[in-house]
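Reader: I am beginning to study protein structure, and I should be grateful for a close look at the enclosed space in this model. Please explain also how helices elsewhere in the chain pack together.

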Amino acid sequence: MILNNKLLENCTLCPRKCGVNRNNTKGFCGESDKIRIARAELHHWEEPCISGKNGSGTVFFSGCNLKCCFCQNFEISADNKGFEVTTRQLADTFLMLQDKGAHNINLVNPTHFVVQVIEALDLCEEKLKIPVVYNCGGYENADVITQLKGYVDIFLPDLKYFSSDISKKYSSAENYFDVASKAIKTMVEVGGKPESDCNGILKKGVVVRHLVLPNCRHDSIKLMNWLGENFSKDEILVSIMNQYTPVYKARDIIELNRRTSTFEYNSVCDVINKFGFEGYFQQRNSSTTDFIPEFYNKLYYDLP
C-alpha cells in the first residue's frame, strides 16, 4: 500500500475498509477528503514524556473510525464539530505549534486523514525539527502503519479491549483486539525502542495506553498479560489511565455510569507491574470532565 490520494477513491485506510469514494461522500469515519480539525494548541495533559514542560503540539482531527459510547471527545468524533483546513494550512499549523515551543506534533486521531497528513509533513520539508506523534485508538490498518516510517517518530496507541463482545458493545468493533494487537506490534517494528532526550522528552518509540473501564478489570488484566507476553520491558512504555468518567452515551449504560473504582484500577496496575515495564500511572483526580479541551467550529488562530 502506497499512501496517496487514490486511496480515498475506495477508502481502505482503516480496518473498517468501507470502500467509499471520499472525494464524493463520507466514509464510516464521518469524513470526506476535506481535512477537518477542531483544535490545535499546546497540550499539557499527556504523559510527562510527551507534554514535558512546554506542552505537546496537539492537532485534534474530526471524525473517528471507532464508535466508543464513552468517548470524551464525542463532540468531534461523533457530533461533527470541527473546521476545514487545507493541506498547506495544516502544514503551517504544525510549524506554528513548533514556533510556540511544542515538544512534538501530536496528531490526535489522524487515521482517516493520514494521506493528507503525509502531504502536509512533506510541505514542511526540513523546517519541522520536532518529533511527530501518532495518537490513535489502536484500531489501525497495519499496512498503513508500515508506510509511516520516516514520518512518525512516536506511536501513542490505545489498547482498549481483549474481549470481542465488549469491543462490539462499546465501540462497534467486534474484531478490535485482533486488529489492534497486530497494529501495535507493527508500531513497535516501525518506531523502535523508546529513546528520550536529556530532559526526559520522548524522541521515538511506542507508548501503549489503556483506560481502565468500570466492571471490565478482568478484560484489562488479560490485556496486561498479553503485553507482558509479547513485548520485552524495554520495547514499549505503558500508560495505565484512570481518567474514565461517564460522558456521552455511557451515562445511559448502567455498568458504565460510574467512575472506575480504586480497586479496579489498582488490580490492573498490579498485573502490569509484574512485567517491569516503564511507564505511567494516573491519579484518581484525573477522572473529571475538566480535562476535556474546548473544540471549535472555525479556524480560530492566525496563520501566515
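Author: A cavity is a set of grid points where a 1.4 Å probe fits but cannot get out. Its volume is the space filled by probe spheres set on those points. The model shown here is a predicted one, and it holds one cavity of 30 Å³ or more. The volume of the largest cavity is about 60 Å³.

Which residues line the largest cavity? The lining includes Cys11, Leu13, Cys14, Lys17 and Cys18. Arg22, Gly27, Phe28, Cys29 and His112 also belong to the lining. Sorted by class, the lining of this cavity has six nonpolar, two polar and two charged residues.

An open space may be set beside this enclosed one. The second largest pocket has a volume of about 190 Å³. Among the residues that line this pocket are Leu121, Asp122, Glu125, Glu126 and Leu128. Ile130, Val132, Gly150, Tyr151 and Asp153 are also part of the pocket lining. Its residues divide into five nonpolar, one polar and four charged.

Leu121 leads from the pocket to the helices, for this residue of H4 also takes part in the contact with H3. Helix H3 spans residues 87-99 and helix H4 spans residues 114-124; their axes come within 8 Å and cross at roughly 60°. The two helices are therefore oblique to each other. The crossing of H3 and H4 is right-handed. On the H3 side the contact involves Thr87, Arg88, Leu90, Ala91, Phe94 and Leu95. On the H4 side it involves Gln116, Val117, Glu119, Ala120, Leu121, Leu123 and Cys124. Nine of the residues in this contact are nonpolar, two are polar and two are charged.

Later in the chain, helix H8 packs against two other helices. How far apart are the axes of H8 and H9? H8 (residues 217-230) and H9 (residues 262-273) have axes 9 Å apart, and they pack at an angle of about 15°. This angle makes H8 roughly parallel to H9. The way H8 passes H9 is a right-handed crossing. From H8, the residues in contact are Arg217, Ser220, Ile221, Met224, Asn225 and Leu227. From H9, they are Phe263, Glu264, Ser267, Val268, Val271 and Ile272. This contact comprises seven nonpolar, three polar and two charged residues.

The other partner of H8 is helix H7, which covers residues 176-191. The axes of H7 and H8 lie 12 Å apart, with a packing angle of about 35°. Here too the crossing is right-handed. H7 contributes Phe177, Ser181 and Lys185, which meet Leu223, Trp226 and Asn230 of H8. By class, this contact has three nonpolar residues, two polar ones and one charged.

Definitions and conventions:
Residues are numbered from 1 along each chain as its sequence is written. This is a predicted model: local features need pLDDT of at least 70, side-chain atom pairs count only at pLDDT 80 or more; totals for chains, interfaces and linings use all residues. Side-chain values use heavy atoms; hydrogens and water are left out. Axes are lines fitted to C-alpha atoms, for helices over the stretch in contact, and angles run from 0 to 180 degrees between N-to-C directions. Helices (H or I, at least four residues) and strands (E, at least two) are DSSP runs, numbered from the N terminus. Angles under 35 degrees count as roughly parallel, over 145 as roughly antiparallel, 65 to 115 as roughly perpendicular and the rest as oblique. A crossing is left-handed if the near helix is turned anticlockwise from the far one by less than a right angle, and right-handed if clockwise. Contact means heavy atoms within 4.5 Å. Ala, Val, Leu, Ile, Met, Phe, Trp, Tyr, Cys and Pro count as nonpolar, Asp, Glu, Lys and Arg as charged, and the others, Gly among them, as polar. On a 1 Å grid over the protein atoms alone, a cavity is a set of points where a 1.4 Å probe fits but cannot get out, and a pocket is an open set with protein on both sides within 12 Å along at least five of seven lines; lining residues have an atom within 4 Å of a point.
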